[in-house]
Amino acid sequence: MPTSNSHPPADGDVHGHGSNDTTDGSNENTALLPSFLRGEVEHEGESGRHGFHPRHFCSVTYKSSNIVSQYVNFLWPFVPLAIIFRYALPNHPLFIFGFAYVGMIPSANLLGFAGQEFAKKMPKVAGTLIETTFGSLVEIILFVVLIVKHREPVEGEDEGNGDEGNLIPIIQAAILGSILTNLLLCLGLCFFVGGLRKTTQKFHAAISETGNGLLLVAAFGLLIPSAFYSALKGETTFGKSSLGFVILKDKFTPETLQRDILKISQVTSVVLIIAFGCYLLFNAKSQHSVFHEVIEMDEHRDFDREDDQARMRYTGTETTIALTISLTLATLLLIYLVEQIEAVVHSGVPDQFLGLILLPLVEKAAEHLTAIDEAYDGVINVALFHCLGPSIQTALFNGPLVVIVGWILNKPMDLNFEIFMIVLVVLGILVVGNFLRDGESNWLEGALLVIVYLIIAIASWYYPNPDVATSNGLEGLAVSAGQNHVTINKALLKDLLIMANQDA
C-alpha cells in the first residue's frame, strides 16, 4: 500500500498515522468530531492517485468491496432499461416497476460502496457512522418521494388505500419494515453465514447493549401515538343528524382525535431526532475510544484483511463522482417505483406487503450486502453495527424526518401505525435483544431470525389493505338513539347521510 513517503497526497486522501500520539482517537478524552474536521485519514483510505481516471474508476467500481457486490454489478443493464421502458412503454406499469426494482440493487450497491470509500478516508468511528448514513440515504429519498406523491382522498373517493393516492399507510409500513428487515433478515443472515465459517462468533457488549437499548427507546416513542389512538378511539362522541340519531357533539370527536394524534406525532418526531443526535454524540465523543478499539480489533481479525488492503481505491474526486451518479440514479428509479405503486396494488400485491417487505428489501440492499460480507469475514462487531445502526437511524431519524417533511408540506403524516405492525416490531426487538444478551452468535440463531422474518412476510401478504380492515382506526362509529346504542361502519354511515340529504 502506498505511503506518504513514496507518493504525494492524493486528491481527498490525507495521510494519517496511527502512531502519532492520540490523534487517532485512541485516547478516550480525544473528541472525534474535531479530528474529523481536521481531515485525518486512516491508511486503508489511501488510493495513491489523485484526480479522475475513467479506466481505474470503472475497474474499482466493478470489483467493489467483495465478491457478492461484484456479482451485483451484472444487474446494471436493468438501470438504463428501466429508464427506457419508463418512456417507451408507459402503458406497462408492472414491467417498469420490475425493472426499476431490480435496477435499484446495483444503484444502492454503488452508493454503499462509494460511502465505504468515503468512510475509509475518515477516522474509524466517524467513518462507520458516515458509511451507515450513506446506506440510509436511499431510504430517506424513498420516504420523501412517497410523502411528496401522497394526496389526500377527495370527496367521494374511498379512503386509506395506497392505490387511491393515499401513500401514508405504505410509508408507515416501510418505516417499520426497514427496522424488521435489518433486525431479523440482515442480522439473521450475518449470524448464519458467520456461523458457517466459525462455529461461534463473539461481539462486544458496547455495541450490542447500546444498540438494543436505543431500539427499545425508539420503539417506545413510535408506539405512543398508536397506543394513544387505540385507547381513545372508542371515547369519541357524536351529535344529531337528519336521520334522528346523535352524531358530532362538539366534544371529543374523531376529527379532534386525529388532530391530536398528528400533533403528538410531530412533537414526538422532534424529540426522537434529538435522541438520534445524542446517539451520534455518544459515539463520537463519550465512547469514541471504546468503539475505535472494538472496530480496530475486528479489522485485525478480518479473514480477508490482506485482500482488502490490496484493493484499488477511489480518489476523493472519484468518490464524489460515484456518490453523485448513484444518488441521481437511485432517486430517479425510486420515483419510477412510486409512480407504479397504484398499478402494483391493483395487480393484487397488498399495501402492507409492499411497504413492510418489498420496499425495505431493495432500499437496504447495499447495507445488507456489506454487513453479510463482514460477518462472513469474521468482522462481527462491524457487521452488528451495520445491522443495528440503520435500524436506529430509521427509528430515530428517517421515520421522524418524513413526519416533519409532511408537516412542512401540510400533509397528515403521523406515527399512528397499525397495531399489528407495532406488535411485530416490539417482539422483533425483544427477540433480537435476547439473542444478543450472551454476547455470542451461531448459525442456528441466525436461521431462527430469518425464519421469524419469513413468518412475518407471510402474515403481511394476507393482511388486508387499510380500506378493507384496520387494527387501529375508526372502523366502526358508535351512535345513539335515545336509550339504545348501535355500531355503524364508517362507510355505511357515509352512505346513510348521503341518502338522507338526497331525501331532504
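How far apart should the ends of helix 17 be at 1.5 Å a residue, and what does the structure give? The close-ups below work through that and a few other spots in this predicted model.

**View 1. Helix 17 (residues 419-436), end to end.** With 18 residues at 1.5 Å each, helix 17 should span 26 Å, and its end C-alpha atoms do sit 26 Å apart, so expectation and model agree. Look down the axis of helix 17 and its buried residues fall within an arc of 160°, which means they line one face of the helix.

**View 2. What helix 17 packs against.** The buried set in helix 17 is M421, I422, L424, V425, G428, I429, V432, G433, F435 and L436. Their packing partners are helix 7 (168-197), helix 8 (205-232), helix 14 (351-363), helix 16 (380-408), strand 2 (440-441) and helix 18. Strand 2 and helix 18 come up again in later views.

**View 3. A nonpolar patch on the surface.** Here L196, W443, L444, L448, I451 and I455 come together, with about 590 Å² of accessible area between them. Which helix gives the most to this patch? That would be helix 18 (residues 443-462), with five residues. Pick out L444, one of the patch members, and you are in helix 18. L444 has a relative accessible area of 45%, so it counts as partly exposed.

**View 4. The R86 and E339 salt bridge.** Searching the whole structure turns up four salt bridges, and this is one of them: the closest N and O atoms of R86 and E339 are 2.8 Å apart. The pair ties together distant parts of the chain, with R86 in helix 4 (residues 78-88) and E339 in helix 12 (residues 316-339), 253 residues apart. Both ends are partly exposed: R86 has a relative accessible area of 21%, and E339 has 30%.

**View 5. D377 meets R197.** In this salt bridge the closest N and O atoms are 3.5 Å apart. It links distant parts of the chain too: D377 is in the loop between helix 15 (365-376) and helix 16, while R197 belongs to helix 7, 180 residues apart. Is D377 buried or exposed? At 3% relative accessibility, D377 is buried, since the cut-off for buried is under 20%. R197, at 35%, counts as partly exposed.

**View 6. E440 and K202, a strand-to-strand salt bridge.** E440 pairs with K202, and their closest N and O atoms are 3.8 Å apart. E440 is in strand 2 and K202 is in strand 1 (residues 201-202), so the pair links distant parts of the chain, 238 residues apart. How much of each is open to the surroundings? E440 is partly exposed, at 29% relative accessible area. K202 comes out at 54% and counts as exposed, because anything over 50% does.

**View 7. S441 and its neighbors.** S441 is in strand 2, the strand that also holds E440 from the previous view. With a relative accessible area of just 2%, S441 is buried. Which residues does S441 touch, leaving out those up to four places away in sequence? The contacts are F191, T199, T200, Q201, F203 and I380. Strand 2 is also one of the elements that the buried residues of helix 17 pack against, so this view ties back to View 2.

Technical notes: Residues are numbered from 1 along each chain as its sequence is written. This is a predicted model: local features need pLDDT of at least 70, side-chain atom pairs count only at pLDDT 80 or more; totals for chains, interfaces and linings use all residues. Side-chain values use heavy atoms; hydrogens and water are left out. Patches are made of residues with over 30% relative accessible area and no salt bridge: like charges are joined within 9 Å, nonpolar side chains (Val, Leu, Ile, Met, Phe, Trp, Tyr) within 5 Å. Accessible areas come from the Shrake-Rupley method with a 1.4 Å probe; for residues, only the protein chains shown count as cover. A salt bridge is a side-chain nitrogen of Lys or Arg within 4 Å of a carboxyl oxygen of Asp or Glu. Helices (H or I, at least four residues) and strands (E, at least two) are DSSP runs, numbered from the N terminus. Buried means under 20% relative accessible area, exposed over 50%, partly exposed in between (1.4 Å probe, protein chains only). The expected span of a helix is 1.5 Å times one less than its number of residues. The arc is that of the directions from the helix axis to the C-beta atoms. Contact means heavy atoms within 4.5 Å.
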